[in-house]
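Here is a quick walk through a two-chain model, for anyone who likes to see the contacts spelled out. Have a look at it first, then read on.

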Amino acid sequence: MKKYLRLYSTEIVFILISLSFILLTSAEILRPMNITAIFLQNSYIFILVVGMAICMSVKDNIDISIGSFVCFICAMGGVFMSIMKINTLLSIILLLILGIMWGCLAGYIIAYFNIPAWVTTLGGYLAFRGLGVALIRQFSNTGSIVGINDSFLKLFSGKIFPSKIGSFGYASLIFCLVLASLGIIYKILSIRKEGSRITSSMVIGIAAAYLLSIWIGICFALTGGVPVSFIWMLIIVCTTAVWIDKTSEGRRLLMLGANLENARIAGVDTKRAVLMTYVFMSLCATVTGCIVLARFHASSSYAGVNFEMDTIAACAVGGVSLHGGKQKIFKAVLGAAMIGVINLGLSLLGVDMNWQWIIKGITILIAVTFDRYLKKDRFE
Amino acid sequence: MIMNRCCKLNSIKPKIWKTFCLAVLIMFMFISLSGCKTKDPSVKTIGISAPSNDIQRWAVETVLMRDKLREKGYEVIIQYASSDISMQISQIENLIAKDADVLIVIPIESASLGEAMDMAAEHEIPVISYDMLITNTDAVSYYTTFDNYRVGTIQGQYVKDKLDLDHADRSYNIEFTAGDPGDNNAGFFYNGAVDVLKPYLDSGVLKIVSGQDSFGKCATPSWNTEKAQQRAENILASYYNDTAVDVWVASNDTTALGVSSALAVSYKGSYPLITGQDCTLINVKNILNGKQTMSVFKDPSLLIDATVNMVDEIFSGKPVTVNDTKTYYNGVKIVPSYLCEPVYVDKDNCIELLTSSGFYTIDQLQ
């Protein structure tokens, strides 16, 4: 039995976790508002997990500074927009530049000085939390900077195609269907291009994808619109998936795989590639910072707490290999969804916080062990 | 291609797997959209969101509040956010998703509940801000707290009455220790006390020997006991080598503790009148030992009763009782507030007042 299931181990774990929370909450977790909540409340994991999967695609690389960096970006966003009165567009550009700068610095130290990734990013983890809190204390005596531009809030939080609660927002549903159709057309075109035929199993897959988007679309339509953070998540997940799957640059990055030395001998500029993964990771963290800033409507010193842990947990349950090599963005996103379901399920059950940590820890351990158990003989 | 062949040999065929996934998806979707559970509209649900149950005050008060609301037939859900704002925002959203009819929120950080408050407004759910004012949003409907300005005036009035300042035959030396400059309420406490004592400061009956006569000069960052003690020691060393200090108005108990510790270390004269606030256990013991004179008692059961009452009134459709509609501006609007009345506690009434309200047991005070 086991050997038949191993290809789909992550999916099986996901279905099992979902099922157990559906039973525990007597299906409450499936209510449309809660389906929306999985995306709304965990958008940060979905975005960060993509960056982390790319980062981890090179052996021994990891970035634990992201939570603190999110806090720093929130603080800087507040300083730019509320204190220095810089307009929204310029603020976003400045924040992205900060992201690129940190990515370059961290990547440079790691790649060119051969400092272990976790030590370098541990430095960032400590420094950015301190820097973020110090900035907020400097410019405000209440622990948060308020007065973020409205246009910034609209760009990173709230809903598009807003509809009144209790009515059905057809626009949201149509929007989701259009997106799904575009995705499927893209998929079919790329299959055609490779010269393969469309098999019946592909048709079933397409049907499932369509059904999923109808479901999510209806949930959004019933709960007041499509969350903006969901759009950001889609943009980042999809562009990254296309980038690493279809472009030579992306494929080269993954080709480095588990053995940097081989890649280097084969003539790849491995150091530059490592640096690029950190720039990408930091950009993901910057977008997350913007989303968190807009979600709080203020820059707060509490932003980004434990984000790196949730992200690494999502990578672990999503089967992202810690030893580098080919990563499947889809599986990493599934891992993020798993952490999202666990977070929401425990919150709905009203479990005491300390027990939530315990249960979360145990669930992750079981999920990872089960996943590896199913896959085991592939490595033997 | 090799991978594909392996799949065919050693694993479920993708087709079967995908069909299985499709079936699971259809099942989930069906349950999700069939509206599995409809809520009984006659039972009202109250959602309480608190910062953390590690903080004793919130742990005790939320449970008391829950019990009182349950007695009245409401269903109550409490969520503690473990001092994590993202978590609190998500929890408030989840309370709304669980069809809460009224939200009682104690924010971890006043200004940062952005999207959760937007969602409450979208669903037209009244939000009661409990003890800490939620700022930076128009979604907060009511605010219940203690009258913070009154805390200050009670301290001032106590000083005035005890020293009988209207008939004073000599002048008294007074010092102030105020609270955290980052805390919105600290200014109310300080100003309340100063406003009562102002005429006597002007007429010279009360004299601030150190000359530190503004909130900024008297402030104690984070209400920190050690910082209050340091400042008090500096003042004592510089100004009170040969004169006596008669009154020390400290805004709360942690700063009062700093002041009394400083006096114990570097002051030879008789203990001045020291004010405080909150009735922290160690300070109540100091009051009984004569190391502090008074503290202001903010009985949590009053605040809880006021909040429960407010919930009742919201559902009955009656106008909600508020007694302040101009003081508490949250950056967007003035929040209608119900301010509870604090009382003072000193050596004479301390044991009776604190034990009868159940705030402390008699054993704790011994």
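What follows covers the contact between the chains, a helix pair and some strands.

This is a predicted model, in which local features need pLDDT of at least 70 and side-chain atom pairs count only at pLDDT 80 or more, while totals for chains, interfaces and linings use all residues. Residues are numbered from 1 along each chain as its sequence is written, and chains are lettered from A and ligands numbered from 1 in the order in which they are written.

**Between the chains**

Chain A and chain B each put 47 residues into their contact (C-beta atoms, placed from the backbone, within 7 Å). On the chain B side, the elements giving two or more residues are α1 (2-10), α2 (14-33), β2 (75-80), α4 (85-97) and α5 (114-122); helices here are DSSP runs of H or I with at least four residues, strands are runs of E with at least two, and both are numbered from the N terminus. The largest share, 15 residues, comes from α2(B). By type, that side of chain B splits into 22 nonpolar, 16 polar and 9 charged residues (Ala, Val, Leu, Ile, Met, Phe, Trp, Tyr, Cys and Pro count as nonpolar, Asp, Glu, Lys and Arg as charged, and the others, Gly among them, as polar).

**A helix pair in chain A**

In chain A, the axes of α4 (residues 66-83) and α6 (residues 117-139) come within 7 Å and cross at roughly 25°; axes are lines fitted to C-alpha atoms over the stretch in contact, with angles from 0 to 180 degrees between N-to-C directions. That makes α4(A) roughly parallel to α6(A), a label for angles under 35 degrees. Among the residues that meet are Phe69(A) and Phe72(A) from α4(A), and Phe128(A) and Leu135(A) from α6(A). The residues of this contact divide into 14 nonpolar, 4 polar and 1 charged.

**Strands in chain B**

Strand β5(B) (residues 142-146) is mostly covered, with 5 of its 5 residues buried (20 or more other C-beta atoms within 10 Å of a residue's own, C-beta atoms being placed from the backbone). Tyr142(B), Thr144(B) and Phe146(B) lie on one side, Tyr143(B) and Thr145(B) on the other. Its pairings are in the table, along with one of β6(B); strands pair if DSSP finds at least two bridges between them.

| Strands | Bridges and sense |
|---|---|
| β4(B) and β5(B) | 3 bridges, parallel |
| β5(B) and β11(B) | 4 bridges, parallel |
| β6(B) and β7(B) | 2 bridges, parallel |

Thr144(B) is the bridge partner of Tyr130(B), and Thr145(B) stands opposite Leu339(B) in β11(B). Elsewhere, an open sheet of 4 strands runs β7-β6-β8-β9 in chain B.

Key:
Two residues are in contact if their C-beta atoms, placed from the backbone, lie within 7 Å. Angles under 35 degrees count as roughly parallel, over 145 as roughly antiparallel, 65 to 115 as roughly perpendicular and the rest as oblique. A residue is buried if 20 or more other C-beta atoms lie within 10 Å of its own, exposed if 12 or fewer, and partly exposed in between; C-beta atoms are placed from the backbone.
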